[in-house]
Structures are given as structure tokens and as C-alpha cells.
Amino acid sequence: MRSRLLILCPGQGGQHAQMFDLARGEPRAAALLDSLALPPLEQMFDNRGAQQLIVASTLATWEALRDRLPRPALVAGYSIGELAAYGVAGAFTPAQTLALAEARAGLMDACLAAQPEQALAALSGLSLRQAAALCAAHACHVAIETGEDGCIAGGPAAALAALEAQAVAAGGRCQRLPVAVASHTPYMAPAVAPFAELLRGADFAPMRAPVLAGISALAGSGKAQAVEHLSRQLAEKILWMGCMDACAEAGVTVALELGPGAALSRMLRARHPHIACRSVADFRSIAGVAGWIERECA
């Protein structure tokens with residue numbers, strides 16, 4: 001059977017000081033990075049800096065690889081990674097994607113005025129039904145469904161701390177994430193309409209591959225769908241478990257996470273072990289990545 005390549009674009013959490021090193025080894029990717037007005041790496045865990053740097057790392061890695069890989073059958077992105085996915089698919093230029101990432105982060109940060117001190121935490125060891133009930137009892141929300149017994153929860157930091165204590169008491173586990181906004185929850189609702197307006201005003205080129213929508217796990221390939229999906233996902237739950245299943249249903253046989261980090265490739269391997277899946281973080285060179293893809297797609 002012909003291999004079908006999936007490209008995965010990560011969200012926040014895996015950024016690190018060396019996240020541009022692999023791409024900078026390729027002249028065209030290095031030139032792209034030099035052309036972008038990037039925030040300093042010291043801001044990699046601030047929401048605005050993080051979103052721009054993650055998008056830039058993802059797109060630079062893709063620039064280094066894209067002529068050495070088969071055309072993707074599908075692109076999927078986790079949170080801010082969904083915006084990067086449209087850059088990978090060719091809908092937005094790298095400069096456009098970065099500008100949209102900065103605007104997205106700014107609109108999300110502005111939501112802190114109404115509800116300051118927000119946070120996200122990873123919950124595991126509890127069913128999604130249990131997690132949703134705990135969230136509802138503490139003015140929090142399930143932000144991302146990552147597995148049958150795992151999710152990301154978001155809300156006010158104080159409320160989330162109380163939720164975490166109750167989750168541990170119920171036999172679950174919690175890990176606070178380095179994100180200071182309650183992404184993908186109703187706390188981000190004021191950002192949806194203005195971001196949709198920005199997206200409607202952006203140039204949109206023909207896409208080279210469909211992109212999965214996090215809020216529905218359905219593939220889209222047009223501007224209207226991109227505007228709707230990218231804006232609504234700011235304040236709506238991401239169905240990442242459903243996205244992974246949709247990739248398997250689409251016949252994906254090989255998947256590559258562009259980085260930084262390797263969380264998406266680990267999740268996909270655990271849920272669908274028949275898919276050959278790795279992250280660029282597993283390799284020492286772009287040539288090594290391309291060689292692995294070539295062997296898997298032969």
C-alpha cells in the first residue's frame with residue numbers, strides 16, 4: 001500500500017533554547033529564520049513569544065525538509081500548531097503565519113483583563129467524564145481531550161489548584177503547564193470574533209494538503225473553513241484524540257512531528273502503534289529525517 005504522510009505541528013510546552021538548531025543547518029531554512037522578526041528566546045515561555053517562536057521553529061523545519069519529502073496527505077496541528085499547519089499547507093506565507101500568531105497571542109492575553117491569573121494543567125488517570133465533572137465544579141473547562149483517561153484543563157489559576165487537589169484525591173495525576181492563559185475554553189471567547197476578522201482579511205493561497213480542524217477532527221482545505229476553525233478553537237475544546245483517530249481513518253501510515261518537542265508523536269504512537277511516527281527531535285540532522293521518511297515511504 002502506498003504510504004500516506006502526516007505532518008504534525010506542535011503546540012506550546014516543548015519549546016527549548018536549541019529549537020532552531022536543526023533547521024539552521026540548512027541554508028534555505030536559515031535564510032527564512034533570518035528574514036523573520038522573532039522575539040528573543042528569553043521570551044519562549046511568555047504566551048506571545050512562545051506562539052511566535054513555536055510557529056517559526058515549525059515552519060523553518062518544514063522549509064528545510066519540504067523538497068525532500070513526499071507531499072503530505074494531511075497536516076494536523078495542536079493548538080497554535082493548527083495555525084502553523086496552514087503555513088505548512090501553503091495557505092499562509094511564513095511571515096503571514098508569524099504575524100497571525102502574534103495577533104492571536106495578543107488577543108488571548110487581552111482576555112486576562114476580564115479573568116486574570118489563568119492556567120492550564122494536564123490531568124491523567126481519570127475518565128473524560130470524571131475530568132469534565134471536576135472542571136464544572138471548579139469554574140474550569142476541559143480544553144483538550146488527549147486520551148480516554150487524559151485531558152488538558154483550563155481556568156482561573158486558583159480554581160485550577162483546587163481542581164488539581166480533588167483530582168489527585170480521586171486517584172488522578174496533575175501537571176501544571178507553562179501556559180498562562182486558559183486556551184480553548186470560554187475564557188478566551190472575546191478573542192474569537194477579532195481573530196476571525198483578521199483571518200478573513202488575510203491573503204490565502206491554494207493549499208497543498210488538507211488540515212485537520214482541532215474542534216471537529218474534520219479535514220478542511222478552504223479559507224472559510226480556516227477562518228471558522230482557527231478562530232473558534234481559541235474558545236472551544238480541542239478533540240485531539242479524535243484528530244489522531246481521524247488520521248488513522250484517513251489511511252496515514254507515516255507521521256512526522258516538526259517540533260519543537262515530541263509530545264504529539266508519542267501520543268500518536270501510543271494510540272495507533274501501526275503508524276510509523278517520529279519527531280524531528282529524534283534526529284541529529286535534516287538528512288537523517290529525510291532518510292527515515294524515504295525508507296518508511298518506499
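Guide: Buried means under 20% relative accessible area, exposed means over 50%, and partly exposed lies in between (1.4 Å probe, protein chains only). The model is predicted: local features need pLDDT of at least 70 and side-chain atom pairs pLDDT 80 or more, while totals for chains, interfaces and linings use all residues. Residues are numbered from 1 along each chain as its sequence is written, and side-chain values use heavy atoms, without hydrogens and water.

Visitor: Why is Trp-240 called buried?

Guide: Its relative accessible area is 2%. The cut-off is under 20%, so Trp-240 qualifies.

Visitor: How many aromatic pairs does the structure hold, and what makes a pair?

Guide: There are five. Rings of Phe, Tyr and Trp (its six-membered ring) pair if their centres lie within 6.5 Å; planes under 30 degrees apart are stacked, over 60 edge-to-face, and the rest tilted. One of the five is formed by Tyr-78 and Trp-240, with centres 5.3 Å apart and planes at 85 degrees. That angle is over 60, so the pair is edge-to-face.

Visitor: What does the pair of Tyr-78 and Trp-240 tie together?

Guide: Parts that are 162 residues apart in sequence. Tyr-78 lies in the loop between strand E2 (74-77) and helix H4 (80-88), and Trp-240 in helix H10 (residues 240-249). Helices (H or I, at least four residues) and strands (E, at least two) are DSSP runs, numbered from the N terminus. Tyr-78 is buried too, at 11% relative accessibility.

Visitor: Why is the pair of Phe-283 and Trp-292 called tilted?

Guide: The planes stand at 50 degrees and the centres 6.1 Å apart. An angle of 50 degrees is neither under 30 nor over 60, so tilted is the label. Both partners are buried: Phe-283 at 14%, Trp-292 at 6%.

Visitor: How do you know that Arg-278 lies over the face of Trp-292?

Guide: A charge sits over a ring if NZ of Lys or CZ of Arg is within 6 Å of the ring centre and within 35 degrees of the ring normal. Arg-278 is 5.7 Å from the ring centre of Trp-292 and lies over its face.

Visitor: Which residues do ring pairs link into a cluster?

Guide: Tyr-86, Phe-92 and Phe-204. Phe-92 is also in contact (heavy atoms within 4.5 Å) with Thr-97. Thr-97 is in helix H5. Its relative accessibility is 0%, so it counts as buried. Beyond neighbours within four places in sequence, its contacts also include Val-55, Leu-59 and Leu-83.

Visitor: What makes H10 mostly covered?

Guide: Seven of its ten residues are buried. Among them are Trp-240, Met-241 and Cys-247. The buried residues pack against strand E1 (5-9), E2, helix H6 (128-137), E4, E7 and H11.

Visitor: What follows H10?

Guide: Gly-251, with a positive phi near 85 degrees. Val-252 is in the loop between H10 and E9. At 2% relative accessible area, Val-252 is buried. Its C-alpha is 7.6 Å from that of Ala-73, though the two are 179 residues apart in sequence. Val-252 touches Arg-4, Leu-6, Cys-247 and Ile-275, not counting residues up to four places away.

Visitor: What makes the phi of His-184 worth listing?

Guide: Most residues other than glycine have a negative phi, and most peptide bonds are trans. His-184 is not a glycine, yet its phi is positive, about 65 degrees. It lies in the loop between E6 and helix H8 (192-200), and is buried at 2%. Ala-217 also has a positive phi, about 60 degrees. Its place is the loop between strand E7 (211-212) and strand E8 (219-220).

Visitor: Which is the peptide bond from Gly-259 to Pro-260, cis or trans?

Guide: It is cis, with omega near 10 degrees. Pro-260 is in the loop between strand E9 (254-257) and H11.

Visitor: What is the volume of the largest pocket?

Guide: About 870 Å³. Its lining has 45 residues; Tyr-78, Thr-146, Ile-152, Ala-263 and Met-267 are the closest to the centre. H11 gives the most, with six residues. By type, the lining divides into 22 nonpolar, 16 polar and seven charged.

Visitor: What makes it a pocket and not a cavity?

Guide: On a 1 Å grid over the protein atoms alone, a cavity is a set of points where a 1.4 Å probe fits but cannot get out. A pocket is an open set with protein on both sides within 12 Å along at least five of seven lines, and lining residues have an atom within 4 Å of a point.

Terms used. Points joined across faces, edges and corners; volume = space filled by probe spheres on them. Nonpolar A, V, L, I, M, F, W, Y, C, P; charged D, E, K, R; others polar.
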